Amino acid sequence: MSEGARQREGIVIRAGAGHCQVATGSESWRCRVRGRLKQGPRQVQTVVVAGDRVRFEAVAGQGPDGREGVVEEVLPRRNRISRMAARRSGGRVEQVLMANLDQLVVVQSVREPEPQTGFVDRLLAAALRFDVAGAVVVNKVDLCRDEAARAAELARWGYYRALDVAVVPTSVASREGLPDLVALLAGKVSLLLGASGVGKSSLLNALYPELGLRVSGVTDRTGLGRHTTTHTELHAVTGGGFIADSPGLRGFDPWDIAPADIRAYFPDLEAPALECRFRGCLHRDEPGCGVKDAVARGRLPAWRHEAYLALLRDLEDRERSAGY
Ligand SMILES: Nc1nc2c(ncn2[C@@H]2O[C@H](COP(=O)(O)OP(=O)(O)OP(=O)(O)O)[C@@H](O)[C@H]2O)c(=O)[nH]1
Ligand SMILES: [Mg+2]
Ligand SMILES: [Zn+2]
């Protein structure tokens, strides 16, 4: 039997248009994706994504980029993280960011860029929607102006611990928190998501200098970031598992969440909602709302309620404009 006829199995490290890089243990293969896999209802950008497990056949001989193969099958996904693709794709199109992950690690920086209100909340809601554990990394703590500012930041982000979300303050500059981040990633398949410039690639370089990932040279003061990383790519981590670096996100429009369902993805609203006068209460304008009452009494942070309302409004606007 020729080597080419044997099917192999591997994990997709990086996916591009029509091809991908597949790892099998210590080997790396550049694979084309069989044409028939790209037919049907699934959009091209979701056929094969980072984290997918695939069966492929080796192509005889060695190409210019090393071992080459053809993906014949994408194995069923355990889970995924998806958002609504950019409008130019037309209509409602799912963009899968990654498949088969253990946790979504949302990265924020305390400054440069400033945290975006509601961004972490919406990503954590999406993680719950897609059955993925959430974690928060608060990077650049060296940029806190003083001890008081630092304490305020840590208290603010520490809130998520009550929701069973790990919160890890870090600094690439002072190396603080890096061992905690190693522990968070060990043995798991994780995806780092966050705005451009928060330091996702810098954190990975600090943990694994041999990666030599490209980072933006000068701190960006516009707050918009430079979008230095252009592909989602998996890297092996010590203790087993993979960590995926990803391009900076401008926003995040979660895929496939009905507006009324987001209540289930804000678990801290659950207990106060028991006090709502109306069963279908959306915790917005309704009288006798237990959630608004909890905010008024200081039992639920106002920013959590606002993050919930902002996501609700966005999803409702989206439904209206799509006309369904
Ligand atoms: N002061 C300080 N600067 C940091 C820290 N981490 C990263 N930076 C700087 O922040 C800038 C952006 O870092 P990147 O690692 O490129 O950010 P990124 O999140 O990968 O950005 P994209 O790839 O565009 O999504 C660089 O200039 C880093 O040197 C930190 O902990 N403290
Ligand atoms: Mg980067
Ligand atoms: Zn209510």
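**Exercise 1. The magnesium site**

Decide whether threonine 229, at 17% relative accessibility, counts as buried or exposed. Then find which residues coordinate the magnesium ion (ligand 2) and where they lie along the chain.

*Solution.*

Step 1. The structure is a predicted model. A residue is buried when its relative accessible area is under 20%. Threonine 229 has 17%, so it counts as buried.

Step 2. The magnesium ion (ligand 2) has two coordinating residues in the model, Ser201 through OG and Thr229 through OG1, at 2.0 to 2.1 Å.

Step 3. Helix H5 (residues 200-207) holds serine 201, while threonine 229 sits in the loop between H5 and strand S12 (233-236). The pair therefore ties together parts that are 28 residues apart in sequence.

Step 4. Apply the cut-off of step 1 to the other residue of the pair: with a relative accessible area of 7%, serine 201 is buried.

**Exercise 2. A serine in helix H5**

State in which helix serine 202 is placed, and whether serine 202 counts as buried or partly exposed. Then list what serine 202 is in contact with, leaving aside neighbours within four places in sequence.

*Solution.*

Step 1. Serine 202 belongs to helix H5.

Step 2. The relative accessibility of serine 202 is 24%, so this residue counts as partly exposed.

Step 3. Beyond the neighbours within four places in sequence, serine 202 is in contact with Val172 and Val215.

Step 4. A distance can be added: the C-alpha atom of serine 202 is separated by 9.2 Å from that of glycine 212, and these two residues are 10 residues apart along the chain.

**Exercise 3. The zinc site**

Name the protein donors of the zinc ion (ligand 3), give their spacing in sequence, and say what the angles among the 4 donor atoms make of the site.

*Solution.*

Step 1. The donors are Cys276 (SG), Cys281 (SG), His283 (ND1) and Cys289 (SG), and they lie 2.2 to 2.4 Å from the zinc ion (ligand 3).

Step 2. Written along the sequence, the donor residues follow the spacing C-x4-C-x1-H-x5-C.

Step 3. Four donors count as tetrahedral if all angles lie between 85 and 135 degrees. Here the angles run from 100 to 115 degrees, and the site of the zinc ion (ligand 3) is tetrahedral.

Step 4. Of these donors, histidine 283 and cysteine 289 are both buried.

Step 5. Histidine 283 also leads to a helix: histidine 305, in helix H8 (residues 302-322), touches His283, along with Val291, Lys292, Val295 and Leu300, when residues up to four places away in sequence are not counted. Histidine 305 has 8% relative accessibility, so it counts as buried.

**Exercise 4. The sheet around strand S9**

Give the order of the strands in the open sheet of 6 strands, and then describe how S9 is joined to S8 and to S10.

*Solution.*

Step 1. The order is S10-S9-S8-S11-S13-S12, and the pairing is mixed. S10 and S12 are the edge strands, each pairing on one side only. From one strand to the next, the twist averages 25 degrees.

Step 2. Strands S8 (residues 103-109) and S9 run parallel and are joined by 7 bridges. One of the pairs is valine 107 with its partner in S9, valine 137. Between S8 and S9 the chain passes through helix H2 (residues 119-129), in a right-handed β-α-β crossover.

Step 3. S9 and strand S10 (residues 166-169) also run parallel, with 4 bridges joining them. Here alanine 135 stands opposite alanine 166 of S10. A right-handed β-α-β unit is made by S9, helix H3 (residues 147-158) and S10.

Step 4. Strand S9 (residues 133-139) is mostly covered, with 6 of its 7 residues buried.

**Exercise 5. Helix H2**

Find which strands H2 lies across and how many of the residues of H2 are buried.

*Solution.*

Step 1. H2 lies across S8, S9 and strand S11 (188-193), and runs at about 175 degrees to S8.

Step 2. Of the 11 residues of H2, 10 are buried, so the helix is largely enclosed by the rest of the structure. Among them are Phe119, Asp121, Arg122, Leu123 and Arg129.

Step 3. Just after H2, aspartate 131 has a positive phi of about 60 degrees.

Step 4. As background for the whole chain, 49% of its 324 residues count as buried, and there are 8 helices and 13 strands.

How values were computed: Residues numbered from 1 in each chain as written. Chains lettered and ligands numbered in written order. Predicted model: local features only at pLDDT ≥ 70, side-chain atom pairs only at ≥ 80, totals over all residues. Heavy atoms only, no water. Donors = N, O, S within 2.8 Å, 3.2 Å for Na, K, Ca; no water. Helix = DSSP H or I, 4+ residues; strand = E, 2+ residues; numbered from the N terminus. Buried < 20%, exposed > 50% of the residue type's maximum accessible area, 1.4 Å probe, protein only. Tetrahedral: all angles 85-135°; square planar, octahedral: opposite > 155°, others 65-115°. Pairing = 2+ DSSP bridges. Right-handed = clockwise from strand over helix to strand, strands pointing away. Contact = heavy atoms within 4.5 Å. Axes fitted to C-alpha atoms, helices over the stretch in contact; angles between N-to-C directions.
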